[in-house]
Amino acid sequence: MHPPMTAPALPRLLAFDLDGTLLPADKQITRHTRAVLERIRELGTQITLATGKFHHLTVGHGDELDLDTPLISLDGACIGNRDHPERKRGIPAEVTRDALGRYQGLCQHAFADDGEDRMLLRSTDGDHFRHVTRFWADDFRHVDDLAEAVRADSAIVTFYGDEEPMREIADDIRGQHPRLRVTEYASNLVASYRVSIQPDSTHKGSGVLDAAEMLGIDASEVMVFGDWLNDLPMFGVGAIGVAMSNAMPEVLKVADYVTDRTCEEDGIADFLERNYL
């Protein structure tokens, strides 16, 4: 018998981050979680994904769950799926090329969306960087000059390196392009400091709002699930926020609810079963 209800009434839309939330370390959605999500959908609640992965990889995970809702990828820069025309927010190609031309040579690693949903990689240690980024895109190219390989407006450009020069790059980008969104933090995955640029006001929170609007759902009728720093904007758009118990302290601090179990312990399935099934 399940414990008493601890969460609000079942929302109309659930938005899940992938890595560390819906996807455990082996990157496979468990059979139990798939079954629970299907039962939730049978109750009339819709499900979407909200991830930093490239759109083609996000769509693959959506197909695995048979989702026909607009999916949120590239940290909110791309929204769409089967029955929903794709919406993309991009950095103007000339701005992308300018930033890459200025900074790529100062970094240990960098990647960019080529404007057509392909990941471009440039690294002083290509094999290691590809190993780290292998779960972010299936379609990728290693190139010597990222700027020359950009084909259209990019959804995201990211640089990695030592903290002090990366902070200087972040400040310079803000000065050169004040309308871009610049984020920076120490990356555990790459073991260096990360600086990313995206179109103004573009993040997972804006993606959730876009997807909800496409479905005719108010933000207050959405529940979001996440664990990492790039999930924080989802917790600030009026949706109900659920953090995984394995989440970063910053995410735990702002969440309305926290799962009892981690991602590796089927935390999503456990939370939904305890409260709604």
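Contact here means heavy atoms within 4.5 Å. I wrote that down before looking up Ile91, whose contacts I list further on. The model I am reading is a predicted one.

**Entry 1: the whole chain**

I began with the overall make-up. The protein chain has nine helices and 14 strands. Its radius of gyration is 19 Å, close to the 19 Å that the globule rule gives for 277 residues, so the chain is as compact as a globular protein of that length. I also looked up the extent of the C-alpha trace, which is about 60 × 35 × 30 Å along the principal axes.

Next I looked at burial and surface. Of the 277 residues, 56% are buried. The chain exposes about 11,800 Å², and carbon and sulfur atoms supply 47% of that area.

I then asked how contacts are spread along the sequence. Taking contacts between residues at least 6 apart in sequence, I found that 58% join residues at least 24 apart.

Last, I checked the charges. There are 28 positive and 48 negative charges, and the mean positions of the two sets are 1 Å apart.

**Entry 2: the parallel sheet**

In what order do the strands of the five-stranded open sheet stand? I read the order as β2-β1-β12-β13-β14, with parallel pairing. The edges are β2 (46-49) and β14 (257-258); each has a single partner strand, so one side of each is left without a neighbour in the sheet.

I followed the β14 edge inward. Strand β13, residues 240-243, runs parallel to β14 and is joined to it by two bridges. Val242 has Tyr257 in β14 as its bridge partner.

**Entry 3: strand β6 and its partners**

How many of the five residues of strand β6 are buried? I found five of the five, residues 109-113, so β6 is largely enclosed by the rest of the structure.

I sorted these residues by face. In a regular strand the side chains alternate between the two faces of the sheet. In β6, His109, Phe111 and Asp113 lie on one side, Ala110 and Ala112 on the other, and all of them are buried.

I looked up the pairing next. Strand β7, residues 119-123, runs antiparallel to β6 and is joined to it by five bridges. The two strands form a hairpin with five residues between them, and Gly115 in the turn has a positive phi of about 95°. β6 also pairs with strand β9, residues 157-161, in the antiparallel sense over four bridges. Ala112 can be used to find both partners: it stands opposite Leu120 in β7, and opposite Val157 in β9.

**Entry 4: helix α2**

I listed the buried residues of helix α2, residues 55-64. They are His55, Leu57, Thr58, Val59, His61 and Gly62. Their cover includes β2, β3 (71-73), β4 (78-81) and β5 (84-88). After α2 comes Asp66, which has a positive phi near 60°.

**Entry 5: two loop residues**

Is Ile91 buried or exposed? I found Ile91 in the loop between β5 and α3 (93-103). Its relative accessible area is 0%, and buried means under 20%, so Ile91 counts as buried. Leaving aside neighbours within four places in sequence, I noted its contacts as Thr96, Asp153, Ser154, Val157, Leu180, Ile197, Gln198 and Pro199. One of these, Val157, is the residue that stands opposite Ala112 in the β6-β9 pair. I also looked up Phe159, which is 68 residues from Ile91 in sequence and 15 Å away in space, C-alpha to C-alpha.

Asn188 is in the loop between β10 (181-187) and β11 (192-198). Its relative accessible area is 60%, and exposed means over 50%, so Asn188 counts as exposed. The C-alpha atoms of Asn188 and Leu232 are separated by 17 Å, with their positions 44 residues apart along the chain.

**Entry 6: positive phi outside glycine**

I noted two more loop residues for their phi angles. Asp75 is not a glycine, yet its phi is positive, about 55°. Asp75 is in the loop between β3 and β4, and at 10% relative accessibility it counts as buried.

Ser201 has a positive phi near 60° and is likewise a residue other than glycine. Ser201 lies in the loop between β11 and α7 (204-215). Its relative accessible area is 43%, which makes Ser201 partly exposed.

Technical notes: Residues numbered from 1 in each chain as written. Predicted model: local features only at pLDDT ≥ 70, side-chain atom pairs only at ≥ 80, totals over all residues. Heavy atoms only, no water. Rg over C-alpha atoms; globule rule 2.2 N^0.38 Å. Buried < 20%, exposed > 50% of the residue type's maximum accessible area, 1.4 Å probe, protein only. Areas by Shrake-Rupley, 256 points an atom, 1.4 Å probe, with all protein chains shown as cover. Lys, Arg positive; Asp, Glu negative; His and termini not counted. Charge placed at Lys NZ, Arg CZ, Asp CG, Glu CD. Pairing = 2+ DSSP bridges.
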